[in-house]
Amino acid sequence: MKITLLISTFNSISQSYYTILKDKGYIVDIVYAINDTQIISEIDEFKPDIILCPYLKKFVPKEIYNIYDTYILHPGIIGDKGAYSIDNALRENKKQWGVVILKANESYDGGDIYASVDFKLRDTTKSSIYRNETKIASIKALEILLHNINNITFKPIKQKQTSMHTQLTQKLRSINWQEDTSKAIIKKINYSDSFPGVLDEILGVKCYLYGACIEDKLKANNPKEILAKRDGAICISTIDGAIWISHLKEINMFKLPATYTLKDKLAGIKEHRIPLIFDKSYNTFHEISVDIKDEIGYLHFNFHNGAFRAEQCIRLKYAFLYLKEQVKIIVLMGGDDFFSNGINLNILEDSKKSGEDGYSNINAINDLVKSIIFAPEVITIASMKKNAGAGGVFLALACDKVISSNTTILNPHYKSLGLSGSEYHTYSLYKRVSKDIANSLLDECLPISSKKAKDINIVDEVFDIDSYDKELEQYCLKLLEDEDSYDDFLWQKEDYLDENKEFINSCKDKELKVMYDEFYKDDSIFHTLRYEFVYKICPIQTPKRLKYKG
């Protein structure tokens, strides 16, 4: 079967659909929804059997859905219609939500329903719901759709005759600092997360607010006072306590850590430090924490959008070095929504010395990777329960063992951003796969599923998302069952590292030699591609790497 994915951008759910369909043997072509003429032209050229729209912000032209069976994924339950569905569900304190796949027609979200999957709605950010529960439900819905369209006895469900849900304006999202409690403010920021955000004014700067969490200890007499800063975030007083805001986005700009946006306006605000590895004994902003159980250290690093600033890499490295003296196994857990996506491009775009800061960032993450590779005292495990991209994939490959969930998507490449990459990947990747496979992954710049990753030996085990945490714990405990086997593994690891230390470091040195020019040269394509990525510039055509090549 030939399937077109008609999308507005190649996001996590679009990538999930792409990899699942490819793994099943379908012929898949991607079309970006740029304008009606281009959409019609590309689809007519490919002539698909069906069209799937896992993430589409544009109305499907009638010239398409009248000819081709076109199915749209909507992130809402049966009867829900309109944009910002998850925003509304969180705002209205829904306990259950879901996704539907409906057939495109002339009515917005009004077509017949061919699949629906519900899930429990957590009290968290909209983007976290989208990247986790919505993605998982969407994958299940795809399986149901494929079964139903091949079942001649199946009859679709009629969409309910309901009106569009509330159109959430900035007026409805806005914060009243004199009346809203900490909980109410966090809720507004959470359901507006990612896009469009909550527009406010902080110290005279009009900006959107992101990454809110409660603070238990710091307080002030008046609301909206800046009480402290920590690791890029700011603490703001409320009528009943205080909250932390990790990121801000000025109008027509891009998202940055709050302290980067406010800069010298924070003069005199003290850095309110917490331990390197926070014990989570009270509520406050933290990025690095650990859970120790049965001589296993589960190291969490919840960096915003999985992007690593240089100083975050340094802190994580020292957390790792400290932890390896306390346990026998270290499991790198990543964050709530991503394992890791490598270096932080927004910081580089903001920098007046992007070459210098980019080179510092890549060296900092390399130092982190080096500490993981050269750790003969412990067994290291990368737990990629969530998606990973670019240097984040190769951070995982620095570990002795690599585990992923069955819904994880990996993007093991750099070139789509004009970089050759480092993170010791010319050692770790080529150690696991053949040269041809490695070069194909790096050059084609396409996502792969965890199933594909296991088939080619990038990951060692794939656990079901519904039982992932339990299976991960059992896997770690099994490594500790036989003390002799554990000791033998470490002895062999130490011998291998001693024998190959020079070669491993030479791989990194060669990588950096190429990357130096990519960061520093004014005519490097990296600067253009980084700008387009950070500012989310819409492409003028579907990227060629995503087109079916026959």
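Which residues have the most contacts inside the largest nonpolar core? They are Leu299 and Ile458, in a core of 68 residues, where a nonpolar core is a set of buried Ala, Val, Leu, Ile, Met, Phe, Trp, Tyr and Cys residues joined through side-chain atoms within 4.5 Å. Helix 11 (residues 354–373) gives the most to this core, contributing seven residues. Apart from it lies another core, of 40 residues, among them Tyr17, Tyr18, Ile20 and Ala141. In soluble globular proteins, nonpolar side chains tend to be buried together.

The model is predicted, and local features need pLDDT of at least 70, side-chain atom pairs count only at pLDDT 80 or more, and totals for chains, interfaces and linings use all residues. Residues are numbered from 1 along each chain as its sequence is written, and side-chain values use heavy atoms, with hydrogens and water left out.

**Overall architecture**

The protein contains 18 helices and 22 strands, which are DSSP runs (H or I, at least four residues, for helices; E, at least two, for strands) numbered from the N terminus. Its radius of gyration is 24 Å, close to the 24 Å that the globule rule gives for 550 residues, so the protein is as compact as a globular protein of that length; the radius is taken over C-alpha atoms, and the rule is 2.2 Å times the number of residues to the power 0.38. Along the principal axes, the C-alpha atoms fill a box of roughly 65 × 65 × 50 Å.

Of the 550 residues, 55% count as buried, a class that means under 20% relative accessible area, with exposed set at over 50% and partly exposed in between (1.4 Å probe, protein chains only). Among contacts with a separation of 6 or more, 69% come from residues 24 or more positions apart, contact meaning heavy atoms within 4.5 Å. The protein exposes about 25,000 Å², of which carbon and sulfur atoms supply 49%, as given by the Shrake-Rupley method with a 1.4 Å probe, only the protein chains shown counting as cover for residues. The mean positions of the 72 positive and 78 negative charges are 5 Å apart; Lys and Arg count as positive and Asp and Glu as negative, while His and the chain ends are not counted, and the place of a charge is NZ of Lys, CZ of Arg, CG of Asp or CD of Glu.

**Selected residues and their surroundings**

Beyond its neighbours within four places in sequence, leucine 299 of the largest core is in contact with twelve named positions' worth of surroundings, including Ile288, Leu316, Phe320, Ile330 and Met333. Leucine 276, in the loop between helix 8 (258–262) and strand 13 (288–293), likewise has Ile288 among its contacts, together with Arg315, Tyr318 and Ala319, when neighbours within four places are left aside. At 35% relative accessibility, leucine 276 counts as partly exposed.

Leucine 6 lies in strand 1 (residues 2–7) and is buried, with a relative accessible area of 1%. Outside its neighbours within four places in sequence, leucine 6 has contacts that include Val31, Ala33, Ile39, Ile43, Leu52, Cys53 and Val60. Isoleucine 245, found in strand 11 (residues 241–250), counts as buried at 0% relative accessibility, and its contacts, with the same neighbours left aside, include Ile189, Leu209, Ala233, Ile236 and Ala258.

Alanine 398 occupies the loop between helix 12 (391–396) and strand 19 (401–405) and counts as buried at 9% relative accessibility. With neighbours within four places left aside, alanine 398 is in contact with Val369, Ile372, Ile373 and Thr380.

The table sets C-alpha distances beside sequence separations for residue pairs that involve these positions.

| Residue pair | Separation in sequence | C-alpha to C-alpha distance |
|---|---|---|
| Alanine 398 and lysine 324 | 74 residues | 15 Å |
| Leucine 276 and proline 257 | 19 residues | 19 Å |
| Leucine 6 and tryptophan 97 | 91 residues | 24 Å |
| Isoleucine 245 and histidine 74 | 171 residues | 30 Å |

**Backbone features**

Most residues other than glycine have a negative phi, and most peptide bonds are trans. A cis peptide bond, with omega of about 5 degrees, joins phenylalanine 195 and proline 196, and proline 196 has its place in the loop between helix 7 (182–191) and strand 7 (198–202).

Tyrosine 84 has a positive phi of about 60 degrees although it is not a glycine; tyrosine 84 is found in the loop between strand 4 (69–74) and helix 4 (85–91), and is partly exposed, with a relative accessible area of 24%. Lysine 536, also a residue other than glycine, has a positive phi near 55 degrees. Lysine 536 is found in the segment after helix 18 (525–534) and is exposed, with a relative accessible area of 69%.
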